[in-house]
Amino acid sequence: MKHIDQSQIQPETAGRLNALVAEFSGQSQAYYQRVFSYMMEAPGYRFTLNRAAALLGPVWFGARGLWSWFLGFLLLETLAYIQIAMGLFGDLGRDSRLRAEQIAQTLDLRHQQIAAAEASGASSLESLKRAAESLEAALAGAQQAAAAANASGTIYLIAGAALLLAVKFLAASLANWTLEGQFARWRSDRRVASGWSLPRLIVSSVLAAAVVVLSALKFAMPDAFSLLNAFPTNRDWRLNVGDGVQAMFDWTKTSGRGFFDGLTAGMRTLLDWIEVVLVDTPWPVVALVIVMLAYLSAGARVAIFTGAALAYLGLLDFWEKAMTTIALLGAAALISITLGIPLGIYCARRPRVFAVVRPVLDFMQSMPSFVYLIPVVAFIGSGKPAGVVATMIFGSPPVIRFTVLGLQQVPETVREAALAFGATPRYLLWRVDLPLAHKTIMAGVNQTILLSLAMVVVASLIGAKGLGEDVLEALQYAAAGQGILAGLAILFCALILDRIVAGKR
């Protein structure tokens, strides 16, 4: 980038730039006109010092609307003020003093035991005296350490002052550069914060004072204010809220008994049909069909790998449990995909609906998988149907999100061209949107299947049979070898499904 020669700038342009700087800066207009003009002569950072930023520190950045810089410098200055407070009035020998008090209490007990042993003539008298001598030496060492710590306040004070000066210098040297960058953004977007705002000044001052004062008091005098050591709470609150949640679960389970019984029966029926296909069908037929699917979907190499993986499952006696696992996974994935893709299509065309659905998906993905088991067991009970529901909840979000993403990425020009040629909404969806979003949607299907398989071990905790049961038993009995073999079996199932679903053919 070429340097800008200010002498070549037309007077009208320079005047307009100075007017913009004056409008943006609010206060100290002449200063910022001169500084910005100097900084714009060359690209990148140019060293300047802002005395107001050096004096006010993070408050200056807050008043200017540079909140990210406000937070960074506030943390640095708080660290410096903590060191200064510990040097001025900090209880530096607190830990050693508490240790000395504990040792003194133990020593008093030993002296009482020694007196009792001398009165009774017990044989443990000598060992008690040696223990008392060791405690006396430890007590003297702890007292000396406390005195040395209390005498080190000057070191903390000097270190804190040096750190504070360094932070002040850093703030002063970066202030104009950051403000000039904000000025560049403001010129293209007037919503960017500008000027010296009194409300921002008050808010930043209050925040800075609260953070610095509370942090300094907490670290310098930890015993002076108990409120700063622990959040004020009451154990009864959690118990009462927990009882209320339990009552809500009980009411929902009683009121919706018919719905949950029907859901359990439907899940069990679907599982039974899938297990008839995978478990009761002769194993050579199942293996041949899976290998053929792998070949048709991904080619000969994947088919050979699939055959080897199936041989591993069969030879190590994992065949039936692997098929049971795939049946549970298949039921959960089938329901997730059948419901998820239509819901994703609906959300992609209705942003307001997706704005409501998105927090639910965030909740489903961020909630730990073990937590899913609590309401599932409460409403459905343990066993395979509960495992299907928990797996379905955990694996549903990806297919919905990827469907929305794929349809939103369809070029509007293509859709407008199709509409211009008379495409109906049905034709637009099936012939334009879904074919163009096909790869993204299939990636979501793939993620749903793999996430569902990841729930195999967790679902075994509530009675879902399959390979997860072997892994759980290996964890309970520390059988590392058996656990690794079962884990590899789950891995092979995941790889087979991943290769078949993600196959380019």
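How many salt bridges does the structure hold? The structure holds 11. Before I take several of them in turn, let me say that what we have here is a predicted model.

I begin with a general remark. Side chains of opposite charge can pair when their charged atoms come close.

One of the bridges joins Glu 23 and Arg 190, with 3.5 Å between the closest N and O atoms. Glu 23 belongs to helix H1, residues 11-25, while Arg 190 sits in the loop between helix H8 (153-188) and H9, so this pair ties together parts of the chain that are 167 residues apart in sequence. As for accessibility, Glu 23 is partly exposed, at 49% relative accessibility. Arg 190 is likewise partly exposed, its relative accessible area being 46%.

The second pair I wish to show is formed by Asp 362 and Arg 401, whose closest N and O atoms are 2.1 Å apart. This pair, too, links distant parts of the chain: Asp 362 is in helix H15 (residues 351-366) and Arg 401 in helix H17 (residues 384-408), with their positions 39 residues apart in sequence. Asp 362 counts as partly exposed, at 35% relative accessibility, and Arg 401 is partly exposed as well, with a relative accessible area of 23%.

Next come Arg 94 and Asp 95, whose side chains meet in a salt bridge at 3.6 Å, N to O. Where do Arg 94 and Asp 95 stand, buried, partly exposed or exposed? Arg 94, at 21% relative accessibility, counts as partly exposed. Asp 95, at 57%, counts as exposed; the limit for that class is over 50%.

To close the subject of charge, Arg 349, Arg 415 and Asp 433 are linked in a network of salt bridges.

I turn now to helix packing. Two packed helices are described by the angle between their axes and the distance between the axes. The case I have chosen is helix H5, residues 67-89, with helix H9, residues 198-220: their axes come within 8 Å and cross at roughly 35°. The crossing of H5 and H9 is right-handed. Which residues of H5 and H9 make the contact? On the side of H5, they are Trp 67, Phe 70, Leu 74, Thr 78, Tyr 81, Ile 82, Ala 85, Met 86 and Phe 89. On the side of H9, they include Arg 200, Val 203, Ser 204, Leu 207, Ala 208, Val 211 and Val 212, together with Ser 215, Ala 216, Phe 219 and Ala 220. Taken by class, the residues of this contact divide into 16 nonpolar, 3 polar and 1 charged.

Let us move to helix H14, residues 319-349, where Ala 333 has its place. Ala 333 is buried, with a relative accessible area of 7%. How far apart are Ala 333 and Thr 448 in sequence and in space? The two are 115 residues apart in sequence and 6.7 Å apart in space, C-alpha to C-alpha.

Ser 336 is also found in helix H14. At 2% relative accessibility, Ser 336 counts as buried, because the class takes in values under 20%. Apart from its neighbours within four places in sequence, Ser 336 is in contact with Met 392, Ser 396, Val 399 and Thr 448. Thr 448 thus appears among the contacts of Ser 336, and it is the residue whose C-alpha I placed 6.7 Å from that of Ala 333.

A few words on the cysteines. The count of disulfides comes to 0. Two cysteines may be noted for their accessibility: Cys 347 is buried, at 1% relative accessibility, and Cys 493 is buried, also at 1%.

My last topic is the backbone. Most residues other than glycine have a negative phi, and most peptide bonds are trans. Against that background, I point out two residues. Ser 28 has a positive phi of about 55° although it is not a glycine. Ser 28 is placed in the loop between H1 and helix H2 (29-39), and it is partly exposed, at 48% relative accessibility. The other is Asp 317, a residue other than glycine whose phi is positive, near 65°. Asp 317 lies in the loop between helix H13 (300-315) and H14. Is Asp 317 buried or exposed? Asp 317 is exposed, with a relative accessible area of 67%.

Notes:
Residues are numbered from 1 along each chain as its sequence is written. This is a predicted model: local features need pLDDT of at least 70, side-chain atom pairs count only at pLDDT 80 or more; totals for chains, interfaces and linings use all residues. Side-chain values use heavy atoms; hydrogens and water are left out. A disulfide is a pair of cysteine sulfur atoms within 2.5 Å. Buried means under 20% relative accessible area, exposed over 50%, partly exposed in between (1.4 Å probe, protein chains only). Axes are lines fitted to C-alpha atoms, for helices over the stretch in contact, and angles run from 0 to 180 degrees between N-to-C directions. Helices (H or I, at least four residues) and strands (E, at least two) are DSSP runs, numbered from the N terminus. A crossing is left-handed if the near helix is turned anticlockwise from the far one by less than a right angle, and right-handed if clockwise. Contact means heavy atoms within 4.5 Å. Ala, Val, Leu, Ile, Met, Phe, Trp, Tyr, Cys and Pro count as nonpolar, Asp, Glu, Lys and Arg as charged, and the others, Gly among them, as polar. A salt bridge is a side-chain nitrogen of Lys or Arg within 4 Å of a carboxyl oxygen of Asp or Glu.
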